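Thanks for opening this one with me. Below are some numbered notes to read alongside the picture, taken one topic at a time.

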2 protein chains.
Amino acid sequence: MTMAPVKSFAKKATIYAAGDAGGALPKLLSGAVILFTILADGRRQMLDLAGPGDFLHFETDGEVDHYAEALTPCEVASFKAAELMATPDGAVFLLEQMHDRLVLERRHVAILSQKGAGERLAAFVRLAADCLGGEAGRLDLPLTRQHIADFTGLTLEAVSRTFVQWERDAVLTKVRGRTSQVSERSAA
Amino acid sequence: MTMAPVKSFAKKATIYAAGDAGGALPKLLSGAVILFTILADGRRQMLDLAGPGDFLHFETDGEVDHYAEALTPCEVASFKAAELMATPDGAVFLLEQMHDRLVLERRHVAILSQKGAGERLAAFVRLAADCLGGEAGRLDLPLTRQHIADFTGLTLEAVSRTFVQWERDAVLTKVRGRTSQVSERSAA
DNA sequence: CGCAGGATTGATATTACTCAACCGTGGTGG
DNA sequence: CCACCACGGTTGAGTAATATCAATCCTGCG
């Protein structure tokens with residue numbers, strides 16, 4: 001694969017915005033990124049979480065329809081869509097990446113269809129663990145309660161209450177800052 | 001593109017089930033299909049709606065992770081994944097199809113993140129209209145209230161009440177059977 | 001030390017869920 | 001041809017849950 005220009009972004013920086021031109025496919029090399037849209041009522045809806053190795057979007061032409069923001073300092077490489085698709089290997093690679101995104105998006109749908117706040121957050125935690133890597137049982141979420149609320153469709157208060165409850169029940173134990181230890185039986 | 005075997009399915013027939021082998025990519029030629037998973041608690045979660053022209057899944061290898069059921073009588077053609085990917089045109093085509101699915105899935109996420117029942121259903125109706133084609137302003141949903149509930153994460157009673165309310169408010173007018181006329185100002 | 005952003009907590013209101021009964025309609029069989 | 005049945009849809013009352021509004025508490029950082 002050919003070299004691609006790499007750009008660095010600080011925490012909270014906008015990597016791209018809705019309406020930006022596609023064409024160059026951004027691949028996340030390090031850090032964590034959220035993708036979101038702005039709903040009619042002004043609320044943010046998080047669409048996806050991306051970790052190292054993930055492509056942020058697949059708009060080979062036309063405009064991007066969502067925003068990408070850095071959760072942590074991160075590096076992004078831009079690949080020319082045309083170059084990738086020119087080789088069979090590149091095309092297959094792209095298909096696999098896209099397929100993984102699709103599966104992830106469906107997990108997100110499944111999360112949102114859970115009724116209770118506890119179940120939603122439990123499912124979210126599992127997905128976040130998969131997306132952002134990290135040790136088994138260790139959870140490091142570079143997200144605010146508001147972010148989690150936007151992802152799960154809850155309010156930040158509901159998120160807070162649930163996490164606090166989990167701490168009380170010793171399902172979660174705060175290790176340091178935003179990192180927590182997940183007890184064996186995290187499901188519910 | 002090479003010829004592909006075509007199979008017909010009756011209403012309510014299972015087109016494929018979770019655990020079935022992938023490899024052959026099923027493309028819907030006519031009719032309407034729902035994709036869903038079974039959640040831990042036994043509830044169905046609808047993942048997607050497919051109309052004519054849509055691929056039902058993109059599992060080039062491994063197993064499918066969801067179910068596909070015919071909403072109406074329909075025809076499905078199976079394409080060998082390997083054949084499609086062999087040609088650049090085929091690969092590009094597949095990428096576009098997959099991309100469209102991804103966009104749709106994100107709309108689904110946006111639907112589920114709406115707070116109120118009314119807003120969710122409004123968003124759902126818009127998506128369904130896009131997925132299943134049909135005249136502008138005309139809505140023909142081959143779905144039961146239960147299906148819609150499973151898609152939107154509501155209960156069938158909530159769905160029913162909302163639709164009834166919309167009829168009262170003359171936002172929707174039943175034309176015949178499951179077809180309705182949508183008034184101009186459907187948003188809210 | 002003081003500030004600012006995030007997190008927690010509490011009281012109350014709103015909303016959709018649950019359980020349950022009833023209605024309408026299309027299809028089947030006598 | 002009509003009666004019945006089964007399925008989907010509608011409606012109602014009561015409950016449980018989360019949203020809302022608002023105040024207060026942490027904590028990292030300048």
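How many bridges join strand E4 of chain A to E5(A)? Keep that in mind as you go through the points; please also remember that this is a predicted model.

1. **Strands E4 and E5 of chain A.** Strand E4 (residues 33-38) of chain A is joined to E5(A) by six bridges, and the two strands run antiparallel. To find this pairing on your screen, start at Val33(A), which stands opposite Ala50(A) in E5(A). On this sheet you will also meet a helix: H4(A) packs against it and touches E4 and E5 of chain A. The direction of H4(A) makes about 95° with that of E5(A).

2. **The other pairings in chain A.** E4(A) also pairs with E6(A), in the antiparallel sense, over four bridges. Here Phe36(A) has Tyr67(A) in E6(A) as its bridge partner. Strand E6 (residues 67-70) of chain A pairs in turn with E2(A), again in the antiparallel sense, through two bridges. Look for Thr14(A) there, opposite Glu69(A) in E6(A).

3. **The whole sheet of chain A.** Put together, four strands make an open sheet with the order E2-E6-E4-E5 in chain A, and the pairing is antiparallel. Strand E2 (14-16) and E5 of chain A are the edge strands; each has a single partner strand, so one side of each is left without a neighbour in the sheet. From one strand to the next, the twist averages 35°.

4. **The sheet of chain B.** In chain B, an open sheet of four strands has the order E2-E6-E4-E5, with antiparallel pairing. Which strands stand at the edges here? They are strand E2 (14-16) and strand E5 (44-50) of chain B, and because each has a single partner strand, one side of each lacks a neighbour in the sheet. Neighbouring strands of the sheet are turned by 35° against each other on average, direction ignored. Strand E4 (residues 33-38) of chain B pairs with E5(B) in the antiparallel sense over six bridges, and Val33(B) has Ala50(B) in E5(B) as its bridge partner.

5. **How the two chains are related.** A turn of 179°, with a shift of 0.0 Å along the axis, lays chain A on chain B with an RMSD of 0.1 Å. The two copies are thus related as by a two-fold rotation axis. The same surface serves both copies, since 100% of the contact residues of chain A recur in chain B.

6. **Where the chains touch.** Chain A brings 22 residues to the contact and chain B brings 22 residues. On the side of chain A that touches chain B, the elements giving two or more residues are strand E5 (44-50) and helix H2 (88-112) of chain A. H2(A) gives the most, with 14 residues. By class, this side of chain A has 13 nonpolar, six polar and three charged residues.

7. **Two helices that cross in chain A.** Helix H3 (residues 117-132) of chain A packs with H5(A) at an angle of about 80°, and their axes are 10 Å apart. H3(A) and H5(A) are therefore roughly perpendicular to each other. Where they meet, H3(A) offers Ala117(A), Gly118(A) and Leu121(A), while H5(A) offers Ala158(A), Val159(A) and Thr162(A). The residues of this contact comprise four nonpolar, two polar and no charged.

8. **Around DNA strand C.** Which residues are closest to DNA strand C? Of the 15 residues that surround DNA strand C, the closest are Thr144(A), Arg145(A), Ser160(A), Ala117(B) and Ala158(B). Helix H4 (145-152) and helix H5 (156-168) of chain A, together with helix H5 (156-168) of chain B, give two or more residues to this surface. H5(A) gives the most, with six residues. By class, the surface near DNA strand C has six nonpolar, five polar and four charged residues.

9. **Around DNA strand D.** DNA strand D has 17 residues around it, of which Ala117(A), Ala158(A), Thr144(B), Ser160(B) and Val164(B) come nearest. At least two residues of this surface come from each of H5 of chain A, helix H4 (145-152) of chain B and H5 of chain B. H5(B) gives the most to the surface near DNA strand D, with six residues. The classes here are six nonpolar, six polar and five charged residues.

How values were computed:
Residues are numbered from 1 along each chain as its sequence is written. Chains are lettered from A and ligands numbered from 1 in the order in which they are written. This is a predicted model: local features need pLDDT of at least 70, side-chain atom pairs count only at pLDDT 80 or more; totals for chains, interfaces and linings use all residues. A residue is near a molecule or strand if its C-beta atom, placed from the backbone, lies within 6 Å of it. Ala, Val, Leu, Ile, Met, Phe, Trp, Tyr, Cys and Pro count as nonpolar, Asp, Glu, Lys and Arg as charged, and the others, Gly among them, as polar. Two strands pair if DSSP finds at least two bridges between them. Axes are lines fitted to C-alpha atoms, for helices over the stretch in contact, and angles run from 0 to 180 degrees between N-to-C directions. Two residues are in contact if their C-beta atoms, placed from the backbone, lie within 7 Å. Angles under 35 degrees count as roughly parallel, over 145 as roughly antiparallel, 65 to 115 as roughly perpendicular and the rest as oblique. Copies are superposed by least squares on the C-alpha atoms of residues with pLDDT of at least 70 in both.
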